[in-house]
Amino acid sequence: MKRAAAGGGDDAPRQNGPAGRRQRETRRSEGDGGDCNFGTDDLQGDDGDPGLRREIRSKYRGLINSVQQNREDMLRPSNNKLTEVLEEANKLFKDVRQAREAALDAQLLVVATDLGKEKASQLFAEGTAFDPAAFAEHLLSFMGLNRLEDAGDDQQNRGAVDGYLPQDAWHRVARRAESCVRAAPSFHYMMGSFHVEPPPPKQRIERQKKASSKEAKRIMPTQLKKMEGSHQEATEKEVERILGYLKSYHQDDPTSPILYYEFVIDPKSFSRTVENIFHTSFLIRDGLARMYLDNFKLPCIAPVEEGEVEAGGSVSREQCIVSISPKMWKELIETFDIRETMIQPPNTQNE
């Protein structure tokens with residue numbers, strides 16, 4: 001079934017594109033009341049004029065060529081040709097109706113945008129650049145430089161500053177700089193003042209020494225000396241007492257060797273065993289006793305007679321370090337089956 005048109009009973013196919021749009025607008029205008037009688041030719045207007053279309057495209061191409069040819073002149077800061085081109089393009093854009101004309105307008109916009117960007121970058125670079133020669137020229141002009149008078153009479157101006165500036169040139173700069181600075185910076189030496197005279201010496205205040213510390217220093221060495229002397233005397237007495245035990249055991253049975261470990265070990269006290277080894281070492285050092293190995297390679301100890309001491313005075317002695325630990329002390333007690341000590345403690349002997 002075909003749909004009937006709004007303006008009549010005849011069946012007509014629906015058209016797309018510009019022709020269909022114009023046909024629908026014509027029918028709509030006819031149905032409004034007939035006051036506005038526009039036909040198809042009136043609606044097309046300037047869109048269908050090929051001469052006008054060619055003229056608009058020609059003007060766009062002319063603007064593009066003028067921008068490209070006069071690029072160097074338009075980049076100058078004082079040249080406003082680029083602004084005039086853009087204003088002309090805005091006037092032409094009002095009559096743009098076709099795609100070709102819109103493409104030319106877009107191309108002109110791209111060229112003008114690139115040129116404007118490059119011109120803006122040059123203006124920015126020129127604004128931030130510092131020209132020392134131009135600054136010096138402006139400064140000399142502000143200070144009152146007059147090159148014509150100096151060139152005419154060089155000999156008269158030789159008394160002035162550098163032969164070019166008046167005497168109050170720098171005073172002008174100073175008066176101009178006063179408005180930029182609120183107060184003059186204070187002057188001070190970085191490393192102090194430059195005085196030739198040395199600073200006065202500071203008076204030294206003597207501190208009072210405590211009397212108690214002197215007394216303590218005088219008393220302590222005396223006490224230490226007494227302790228050292230008493231300790232030395234006790235050691236000598238203990239060495240003589242152990243030598244007496246060694247001689248008595250040797251006199252009881254001269255042919256039977258005395259084992260070293262049986263002589264010094266106290267099975268009831270490890271500390272006493274260490275003391276016995278310490279004091280016995282003095283007997284060996286002073287040549288009052290000697291040590292040797294028996295047939296079983298066990299260390300033995302025996303006293304040295306008076307004649308043997310004189311004869312062995314020139315004999316070289318060898319020294320060794322005897323180490324013992326609680327574990328070794330217990331093993332020696334079990335190995336040699338030591339039940340009683342051969343060196344009685346001093347307290348037991350006195351009792």
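Which residues are buried in helix H14 (residues 326–336)? That was my opening query today, and I ran it on a predicted model.

**Entry 1: helix H14**

I found Trp 329, Leu 332, Ile 333 and Phe 336 buried in H14. Around the axis they cover an arc of only 100°, which puts them on the same side of H14. The general rule fits nicely here: an α-helix has 3.6 residues a turn, so residues three or four places apart point the same way. I then turned to the other side of H14, where Lys 327, Lys 330, Glu 334 and Thr 335 are exposed.

Next I asked what the buried residues of H14 pack against. The partners are strand S1, helix H11 (260–264) and helix H12 (270–285). One backbone note before moving on: Asp 337, just after H14, has a positive phi of about 50°.

**Entry 2: the sheet**

S1 came up as a packing partner of H14, so I followed that strand into its sheet. I see an open sheet of three strands in the order S1-S3-S2, with antiparallel pairing. S1 (258–259) and S2 are the edge strands with a single partner strand each, so each has one side without a neighbour in the sheet.

Then I went through the pairs. S1 and S3 are joined by two bridges, and Leu 259 stands opposite Cys 300 in S3. Strand S2 (residues 289–293) and strand S3 (residues 299–303) run antiparallel and are joined by five bridges. For Ala 289, I noted Pro 303 as the bridge partner in S3.

What lies between S2 and S3? The two strands form a hairpin with five residues between them. In that turn, Lys 297 has a positive phi of about 60°.

**Entry 3: just past S3**

I kept going along the chain to Val 304, which sits in the loop between S3 and helix H13 (306–311). Is Val 304 buried or exposed? Its relative accessible area is 14%, and with the buried class set at under 20%, Val 304 counts as buried. I also checked its distance to Gly 287: the two are 17 residues apart in sequence, and their C-alpha atoms are 7.2 Å apart.

**Entry 4: cysteines**

How many disulfides are there in the whole structure? My search gave zero. I looked at two cysteines for their surroundings. Cys 300, the residue facing Leu 259, is buried at 0% relative accessibility. Cys 180 is exposed, with a relative accessible area of 62%.

**Entry 5: helix H5, for comparison**

I wanted another helix to set beside H14, and picked H5 (residues 81–93). H5 has 13 residues and spans 19 Å from first C-alpha to last, close to the 18 Å expected at 1.5 Å a residue. Its buried residues are Leu 82, Val 85, Ala 89 and Leu 92. Seen down the axis of H5, these fall within an arc of 80°, so they line one face of the helix. The face turned away from that buried side carries Asn 90 and Lys 91, both exposed.

**Entry 6: whole-chain numbers**

I closed with totals for the protein chain. I count 15 helices and three strands in its secondary structure. The chain has 351 residues, 21% of which count as buried. Its accessible surface comes to about 28200 Å², with 53% belonging to carbon and sulfur atoms. Taking contacts between residues at least 6 apart in sequence, 62% join residues at least 24 apart.

Key:
Residues numbered from 1 in each chain as written. Predicted model: local features only at pLDDT ≥ 70, side-chain atom pairs only at ≥ 80, totals over all residues. Heavy atoms only, no water. Helix = DSSP H or I, 4+ residues; strand = E, 2+ residues; numbered from the N terminus. Expected span 1.5 Å × (residues − 1). Buried < 20%, exposed > 50% of the residue type's maximum accessible area, 1.4 Å probe, protein only. Arc of directions from axis to C-beta. Disulfide = S-S within 2.5 Å. Pairing = 2+ DSSP bridges. Contact = heavy atoms within 4.5 Å. Areas by Shrake-Rupley, 256 points an atom, 1.4 Å probe, with all protein chains shown as cover.
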